[in-house]
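Visitor: Please choose one part of this protein model and guide me through it closely. I should like to learn which residues meet there and how each term is defined.

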Amino acid sequence: MFNGIAEFLYTVVEKLQGFISNIGITDIGVSYVLSVLLLTLIIRLLILPLNIKSMKSTAKMQEIQPELKKIQTKYKNNPEKLQQETVKLYKENNVSMTGGCLPMIIQMPILFALYGAFMKITAVEGQSFLWIADLSKKDPSFILPVLAAALTYLSTVYSTKANSASASQAPGTPNMGSMNIAMSVMIGVSAINFRSLLVLYWIMGSVIQIIQTYVIVTLPKKRKEKQAQIS
């Protein structure tokens, strides 16, 4: 399955790179980075409905925080009952505990398929981009892995906070913070040995995620707040 997806993604990247070269961008490193950017945009558009669903789930989590705190206080000495009541509360409100992280989890198979796809791209060997001397090799300066981990964390935290009912509320369920950190660390550690081109894909995706959250969630919220103040 992964081989088929990797072959398909490789073909898409090559066609995008060919298109970019034909419009006058002849630098191989730049043209491949731009083709990966276009691929990232395409993938993000395809998973946009899932992102919207995830944001709604995260917003629901914030709404039930007061009830969740009551349950935690009431059953603090009964872990089994606490777990049962928490699950019940989530089910009654149609909330998924992993809703906020689901889009990122879905992207993991795509990431590993891209690993196989980018291994097939031999044209980037020895090609540079910005400080990266060779896009086909890992970043020896560790700048890309650090950026990948940091932007993964920032995008998930910002998405959670943007969906909060108020800025003062907790950013999610008790497990959400640790899940965000664990995912960010996993991405950062993996990126140490990934080709620079592949890590750039993830970084671009995280930046797009932050912009997407601002446009879909933060901006409409600010407009509503402004209208409420006027009225």
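Guide: The following account concerns the largest nonpolar core and the residues, loops and cavity related to it.

The model is predicted, so local features need a pLDDT of at least 70 and side-chain atom pairs count only at pLDDT 80 or more, while totals for chains, interfaces and linings use all residues. Residues are numbered from 1 along each chain as its sequence is written, and side-chain values use heavy atoms, with hydrogens and water left out.

Let us begin with the chain as a whole. Its secondary structure comes to nine helices and zero strands. Helices (H or I, at least four residues) and strands (E, at least two) are DSSP runs, numbered from the N terminus. Of the 231 residues in the chain, 42% are buried. Buried means under 20% relative accessible area, exposed means over 50%, and partly exposed lies in between (1.4 Å probe, protein chains only). A contact means heavy atoms within 4.5 Å. Among the contacts in the chain with a separation of 6 or more, 78% join residues 24 or more positions apart.

We now come to the core itself. A nonpolar core is a set of buried Ala, Val, Leu, Ile, Met, Phe, Trp, Tyr and Cys residues joined through side-chain atoms within 4.5 Å. The largest one has 35 residues, and those with the most contacts inside it are L111, F118, L135, L197, L200 and Y201. At least two residues of this core come from each of helix 1 (2–22), helix 2 (28–46), helix 6 (102–119), helix 7 (143–162), helix 8 (176–191) and helix 9 (196–230). Helix 9 gives the most, with eight residues. A second, separate core of eight residues includes L68, L89, Y90 and V95.

Individual residues make this picture more concrete. Leaving out residues up to four places away in sequence, L200 touches V33, F129, I132, L135 and L144. The last of these, L144, is found in helix 7. L144 is buried because its relative accessible area is 1%. With the same sequence neighbours left out, L144 touches W131, I132, D139, S196, V199, L200 and I203. L144 and L197 are 53 residues apart in sequence, and their C-alpha atoms are 9.8 Å apart in space.

Further along helix 9 is S206. S206 counts as buried because its relative accessibility is 4%. Its contacts, not counting residues up to four places away in sequence, are R44, L151, T152 and S155.

The loops offer another view. R195 lies in the loop between helix 8 and helix 9, and it counts as buried because its relative accessibility is 13%. Apart from neighbours within four places in sequence, R195 is in contact with F118, M119, I121, V124, E125, L135, S136, K137 and K138. R195 and S136 are 59 residues apart in sequence and 5.3 Å apart in space, C-alpha to C-alpha. In the loop between helix 6 and helix 7 we find L130, which is exposed because its relative accessible area is 69%. Its phi is near 55 degrees, a positive value in a residue other than glycine. F142 lies in the loop between helix 6 and helix 7 as well; its phi is near 65 degrees, again positive in a residue other than glycine. F142 is partly exposed because its relative accessible area is 43%.

Finally, we may consider the empty space. A search of the whole structure finds two cavities of 30 Å³ or more. On a 1 Å grid over the protein atoms alone, a cavity is a set of points where a 1.4 Å probe fits but cannot get out, and lining residues have an atom within 4 Å of a point. Grid points are joined across faces, edges and corners, and a volume is the space filled by probe spheres set on the points. The second largest cavity holds about 40 Å³ of space. Its lining consists of L111, A148, I187, S190, A191, F194, V199 and W202. Helix 8 gives the most to this lining, with three residues. By class, the lining has seven nonpolar, one polar and no charged residues. Here Ala, Val, Leu, Ile, Met, Phe, Trp, Tyr, Cys and Pro count as nonpolar, Asp, Glu, Lys and Arg as charged, and the others, Gly among them, as polar.

Definitions and conventions: 1 Å grid on protein atoms, 1.4 Å probe; cavity = no way out; pocket = protein on both sides within 12 Å on 5 of 7 lines; lining within 4 Å.
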